[in-house]
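This report introduces a protein structure to a reader who has not met it before. Please consult the sequence and the structure shown below while reading.

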Amino acid sequence: MNARIDDVLDDAGLAQRSRRDFLKTTLTAAGLVIAFSVPGVGRFALAQGGAKPAPLPAPNAFLKIASDNSVTVLLSHSEMGQGIWTTLPMLIAEELGCDWSKIKVEHAPAAPSYAHTVYGIQMTGGSSTTWSEFDRYRQAGALARELLIQAAAAQWKVAASDCHVANGVVSSGAHHATYGELSTAAATLTPSGEIKLKPRRDWTLIGKPTKRLDTPEKISGRAKFGIDVQFDGLLTAVIARAPVFGAKVKSFDAAPAKAIKGVRNVVQVPSGIAVLADNYWAAKTGRDALKIDWDLGANIGLDSDKMRTDYRALAKTVGSKASAKGDANAVLSKATKKIEAEYEVPYLAHAAMEPLNCTVKLGENSCEIWTGTQFQTGDQGAAAHILGLKPEQVTIHTMFLGGGFGRRANPASDFVGEAVEVAKAAKVPVKVVWTREDDTRGGYYRPMWLHNIRAALDEKGAILGWHNVIVGQSIIAGTPFAAAMIKDGIDGTSVEGAADSPYLKSVTDYLVELHSPTPGIPVLWWRSVGNTHTAFVVESFIDELAHAAKQDPLVFRRALLEKAGAKRHLAVLNEAAEKFGWDKPLAKGRARGIAVHESFGSFVAQVAEVSIENGKIRVHRVVAAIDCGIFVNPETIRAQIEGGIVYGLSAALHGEITFKDGKVVQSNFHDYPVVRMNEMPVVEVHIVDSGEKSGGVGEPGLPPIAPAVANALFVLNGKRLRKLPLRLA
């Protein structure tokens, strides 16, 4: 999902559309409503049907100005901690000139009019929310401003050009009126022409540090997450799922579960046996009491060690060509100085803090769903398919998400579809709750990867040839997105960051190949997707080459990036090195490592300061520099980079899902830990304001941390750690 907005807009033909095509107004009792009618085109939409879909129907409101002067912004995307509850309203408020204290925010319902401006479906992912909405939300604010001015000018019989707005009030000479007072009249007007957006030099809100609007709700406990949903008649369900992927129920005995106080029913659904009860604990106790005879199927032999051996053998064979120039094999066969290495990263769970959950209430010809989801369109469609309804008969109430990281954007809509199946079978409203063990052992994973990589150097340290063979499951194969996102056997998410590495631009002969085995394990995008393994491998290997060339790793990178013309990589690399104090001495027993990587249209460099304490890796300080182009809220950017470092450091130091006898070995945070408070380094984030096109922020902070730490460890003890999680022995 690392798409460039302009490229995809051009492909979709959106770039040529008039802004007026995107905006319409409608009158409601609440006052002025600014609405969008957005054609549902984009590569994801194209992927599902193979042809351009028709323009979407009736517009839905994104911005409402009420008679009490409140401005309600409806989010087409989900707030899962990334800060869009504040960022998107900032875009509208900048153009509208409203009173920021009057802003209210709501999640929009699931409907075609809220489709992603590029992907064509309603979803949140790919670090795309802010840049994809940057124009649309500003247009909404600008249109509302224009209509309010028109209404005021007509009422006062003055020229619109003599009116101005500030803090939710339109003024002209001695005349003043609030937006609420003008909203009803404004809603009857038609936009006069092309919507004019404020130039960057006039921005007063965009780019300024702004406190988050969702913080008071969350620290007070008033914020409602999916797991908080409760109403009369709602039962809670916990499901016994297959212990091995692909296993089937042969038979079961529900009597022990029904003997538990509070258990109301036991039903079979496609994913297993559901126990419904008055509360969670009764449902879980009942689930644990079930007696089930499973047909374990073909995956009983799944074993991580065996898979690694298979991957290693596969890496020695010819794969699908992901990118190439010249004849890398010929150059490498003749070279006198060659460096070769094998890198490994394991399967990873998403491990969101809020366990998966979904509440479903069925009517005669309707379905209501309450859940924290990243994927409204898919979930709505899945529920409709299961129930034999039309998508518009399925209402989705998007709740706050207690973490997503990709898990709640599943093309299979697994946890939503499952809850609908339970409600359908039991014929009662039901909230299905997954335990953390359920998701750790029976969910979806970031794939395991193995890289075989080699390069040749000349006597001056220049890279003569480069050959990278990558082995790992495709997360796109078998999904509705495969037709658009897999080309010539290459899933672009498998090789992003490796096949298009900027270092390759300075190499005359290179080859990047891919193998995509299918071991039968469900896989899914995980925060930063393919960049999670390619950044670790490429940035670690570049460090190996710098060492082989007897050069400082920062100097070595600079030379390659300058030759490649990678100015934005260079800018963040230099910024991070300078802010860290790359040339200054460190305390005894400490070392530093550096890495730089582009993902989701943004460029991030990190320097990590590391030591070994009591035989364990200790990361003391991380200095990060990011160039995400034009940005909206610097506070959000800093928080997202810090969050990316926490998540990436958790994987670098601890994260590993392994398989034995077909089953996942790990189960919860005690054996699948995340970084704890006492392990957290001091983090500094510096923003490089390039003024370039906006990129993502939620994911680019993750990829550089693992190689930065690994490279520092090599300086510290001379051992090159090529496997995650990093282990000293």
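The text that follows describes the domains and the interface between two of them.

The structure is a predicted model. Its protein chain is divided into three parts, set out in the table with their residue ranges.

| Domain | Residues |
|---|---|
| domain 1 | 31–40 + 53–220 |
| domain 2 | 226–297 + 356–433 |
| domain 3 | 304–348 + 445–717 |

The centres of domain 1 and domain 3, taken over C-alpha atoms, are separated by 39 Å. At the interface, 21 residues of domain 1 are in contact with 19 residues of domain 3. The size of an interface is often expressed as the accessible area lost when the parts come together. Between domain 1 and domain 3 the buried area is about 1,400 Å², and carbon and sulfur atoms give 58% of this area. Of the area that domain 1 buries against domain 3, Ser127, Trp131 and Arg200 supply 35%, more than any other three residues.

Polar links also cross this interface. One salt bridge is counted between domain 1 and domain 3. Arginine 200 forms a salt bridge with aspartate 689, and the closest N and O atoms lie 3.1 Å apart. Five residue pairs are found in polar contact across the interface of domain 1 and domain 3, with both residues at pLDDT 80 or more.

On the side of domain 1 that touches domain 3, helix 3 (84–96) and helix 4 (129–156) each supply at least two residues. Helix 3 provides the largest share, four residues. By residue class, this side of domain 1 comprises nine nonpolar, ten polar and two charged residues.

Definitions and conventions
Residues numbered from 1 in each chain as written. Predicted model: local features only at pLDDT ≥ 70, side-chain atom pairs only at ≥ 80, totals over all residues. Heavy atoms only, no water. Domains from an automatic or database assignment. Contact = heavy atoms within 4.5 Å. Buried area = accessible area lost by both parts, 1.4 Å probe. Salt bridge = Lys/Arg side-chain N within 4 Å of Asp/Glu carboxyl O. Polar contact = N/O pair within 3.5 Å; in protein donor to acceptor, adjacent residues only side chain to side chain. Nonpolar A, V, L, I, M, F, W, Y, C, P; charged D, E, K, R; others polar.
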